[in-house]
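The following exercises ask you to read strand pairing, burial and overall dimensions from a structure, and each is followed by a solution worked step by step. Please keep the sequence and the coordinates open beside the text while you go through them.

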Amino acid sequence: MRLGLNMTKYIFITGGVVSSLGKGIIAASLGKLLRARGFSVINQKFDPYINVDPGTMSPFQHGEVFVTDDGAETDLDLGHYERFTDTSLGKFNNVTSGSVYQTVIEKERRGDYLGATVQVIPHITNEIKSRIMGATKQFKPDFQLIEIGGTIGDIESLPFIEAIRQFKTEVGIGNAISVHTTLLPYLPTSGELKTKPSQHSVQVLRSYGIQPEILVCRTTKPIPKTEKEKLALFCSVPKEAVIECRDMKSIYEVPLALEEQNMAGVILDMLRIENRAADLTSWKKLVDNIKNPKGTVKVAIAGKYTKLSDAYISVVESLKHAGYADDVKVEIKWINSEECVDYASCKELMKDVQAVVVPGGFGVRGIEGKLNVIRYARENNVPFLGLCLGMQCAVIEYARNVVGIKDANSKEFDENAQNPVIDLMLEQKNVHGYGGTMRLGAYDCILRKGSKAHKAYGKDKISERHRHRYEVNNEYLKRIEDAGLVFSGMSPDGMLAEIVELPKLDWFVASQFHPEFKSRPEHPHPLFKGLIDAVVTRIK
């Protein structure tokens with residue numbers, strides 16, 4: 001709800017010169033600075049691709065799919081928004097070209113446009129603007145930060161750029177501004193930062209009818225005063241609105257760097273809002289812990305998308321959050337599970353790690369390697385955390401090597417499995433198609449008192465986010481538990497296994513849900529905290 005403003009103010013964030021400039025971190029950091037001033041904030045991400053959502057896209061193509069409480073499969077930047085602003089977002093917060101065009105075509109088929117010729121302008125742009133206003137009506141925030149994916153000049157993003165041009169005009173001067181993120185390349189041969197690419201990027205943005213009010217310049221070097229003045233002159237922005245954003249060791253340093261340059265204050269002045277003192281005390285303490293760890297913990301992430309770390313970005317950040325709380329730096333060792341199919345190779349790769357995480361995924365590739373990683377962790381009491389598929393693999397490994405069901409498997413990997421300890425969920429048996437059809441979003445879980453999970457959470461009932469089709473087959477539940485694997489978390493009706501653990505080991509816990517989606521830098525997730533605690537306890 002709005003805390004102090006009569007109407008929502010809109011901030012649009014675009015990027016130019018090259019992709020991957022960190023617009024999402026800029027948007028998340030600005031959200032943090034505004035919330036630190038007591039304003040209510042929501043973030044939106046508008047993606048130009050034609051996919052309806054990223055749920056069916058390969059992690060190698062797009063990185064992680066971030067799942068919200070309401071079951072939306074969204075862009076990984078929503079994870080940054082949630083972590084920085086400590087909020088929970090949903091389906092209103094991620095918009096794609098695919099979803100926009102799908103809605104417009106459905107309206108056309110119903111006859112909603114009364115026989116009009118359906119065009120990009122006004123029908124597509126109107127639908128985009130309606131998604132902005134839909135989030136405004138849903139959340140009623142003081143500030144709405146809208147990041148436009150892609151790079152200025154891309155054909156795909158033109159409808160979004162035109163829509164925000166119209167929107168800025170409609171809400172009027174003083175109610176919406178544009179923040180443009182660009183690259184200042186450094187040329188070692190001449191020892192100069194070059195401003196020309198940024199000038200050209202702003203020129204392209206202007207050609208679409210948008211004059212940015214704020215310029216955020218990504219750079220590896222400090223920007224000299226003369227170069228800031230040149231950018232201000234040629235890009236028509238005030239000198240104080242040329243913001244330097246240098247490369248940093250941690251993304252969590254960015255809000256403090258922007259605050260030092262009074263970025264939020266400049267924006268509030270442009271929007272005719274009185275500035276407020278920002279309470280960043282706990283965030284400064286967090287950054288101090290990040291910069292001054294008292295030790296290092298080496299954690300393996302054993303998966304099959306390890307060539308692109310963004311595929312597991314929430315897992316990586318959750319491990320870091322737990323490390324911050326214990327004053328240690330978490331060093332990630334990436335292990336390709338396909339290289340662990342041979343157990344001797346697996347042991348060699350695992351010998352120098354202090355803990356291991358087996359994250360989620362789909363398909364049979366690399367599964368035997370994951371089973372070997374889990375076996376090694378179990379047999380050598382290496383603290384272990386399994387996530388989604390990681391839990392299913394833990395059940396399969398235990399069934400094969402402890403319970404004695406040598407051919408235990410999942411129906412996902414072998415449709416003709418004779419002992420499917422992991423099977424398709426009942427509600428998934430008649431599902432056709434892939435997009436948005438899994439068990440998605442937040443579901444309750446009841447914890448067994450006295451279990452490691454119960455002690456970690458400190459409560460009897462939890463709510464966590466899911467993204468899966470398969471589950472532990474209840475026909476094998478008693479047989480597996482009688483052999484020592486405890487099902488310490490179950491759905492309220494007792495029909496779905498949510499958490500498994502081995503009580504005799506220091507930390508061997510796995511969850512069917514994705515705890516990484518709810519971890520925050522100032523509030524690490526209990527299961528990740530439990531994993532790192534187990535290691536820190538050993539090395540003290």
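**Exercise 1.** Determine which residue of β11 stands opposite Cys-217, and then place strand β10 among its neighbours, bearing in mind that the model is a predicted one.

*Solution.*

Step 1. The residue of β11 that stands opposite Cys-217 is Glu-244. This pair belongs to the contact line between β10 and strand β11 (residues 242-246), which run parallel and are joined by five bridges.

Step 2. Strand β7 (residues 176-183) is also joined to β10 by five bridges, again with the two strands running parallel. Within this pairing, Thr-181 has Val-216 of β10 as its bridge partner.

Step 3. The connection that leads from β10 to β11 includes helix α8 (residues 225-235), and the three elements together make a right-handed β-α-β unit.

Step 4. For the side chains, recall that in a regular strand they alternate between the two faces of the sheet. In β10, Ile-214, Val-216 and Arg-218 point one way, while Leu-215, Cys-217 and Thr-219 point the other way, and all of them are buried. Strand β10 (residues 214-219) is accordingly described as mostly covered, with six of its six residues buried.

**Exercise 2.** Work out in what order the nine strands of the open sheet are arranged, and which strands stand at its edges.

*Solution.*

Step 1. The nine strands follow the order β13-β12-β14-β15-β23-β22-β21-β18-β19, and the pairing among them is mixed.

Step 2. The edge positions are taken by β13 (329-336) and β19 (461-468), each of which has a single partner strand, so that one side of each is left without a neighbour in the sheet. From one strand to the next, the twist averages 25°.

Step 3. A parallel pair is found where strand β12 (residues 296-303) meets strand β14 (residues 355-358) over three bridges, and here Val-299 stands opposite Ala-355 of β14.

Step 4. Helix α14 (residues 367-379) lies across β12, β14, β15 (384-387) and β23 (508-511), and its direction is at about 145° to β14.

**Exercise 3.** Decide whether strand β22 is enclosed or open to the surroundings, and describe how β22 pairs with β21 and with β23.

*Solution.*

Step 1. Using the cut-off of under 20% relative accessible area for a buried residue, one finds that five of the five residues of β22 (residues 497-501) are buried, so the strand is largely enclosed by the rest of the structure.

Step 2. Strand β21 (residues 486-490) pairs with β22 in the antiparallel sense over four bridges, with Met-490 having Ala-497 as its bridge partner in β22. The two strands form a hairpin with six residues between them, and Gly-494 in the turn has a positive phi of about 75°.

Step 3. The pairing of β22 with β23 is likewise antiparallel, over three bridges, and Ile-499 has Ser-511 of β23 as its bridge partner. These two strands also form a hairpin with six residues between them.

**Exercise 4.** Judge how the radius of gyration of the protein agrees with the value for a compact globule.

*Solution.*

Step 1. For 540 residues a compact globule would have a radius of gyration near 24 Å, and the protein has 25 Å, which agrees. Its C-alpha atoms fill a box of roughly 75 × 60 × 45 Å along the principal axes.

Step 2. Of the 540 residues, 58% count as buried, and the protein exposes about 22,400 Å², of which carbon and sulfur atoms supply 50%.

Step 3. Among contacts between residues at least 6 apart in sequence, 73% join residues at least 24 apart.

Terms used:
Residues are numbered from 1 along each chain as its sequence is written. This is a predicted model: local features need pLDDT of at least 70, side-chain atom pairs count only at pLDDT 80 or more; totals for chains, interfaces and linings use all residues. Side-chain values use heavy atoms; hydrogens and water are left out. Two strands pair if DSSP finds at least two bridges between them. Axes are lines fitted to C-alpha atoms, for helices over the stretch in contact, and angles run from 0 to 180 degrees between N-to-C directions. Contact means heavy atoms within 4.5 Å. Buried means under 20% relative accessible area, exposed over 50%, partly exposed in between (1.4 Å probe, protein chains only). A crossover is right-handed if, with the strands pointing away from the viewer, the path from the first strand over the helix to the second runs clockwise. The radius of gyration is taken over C-alpha atoms; the globule rule is 2.2 Å times the number of residues to the power 0.38. Accessible areas come from the Shrake-Rupley method with a 1.4 Å probe; for residues, only the protein chains shown count as cover.
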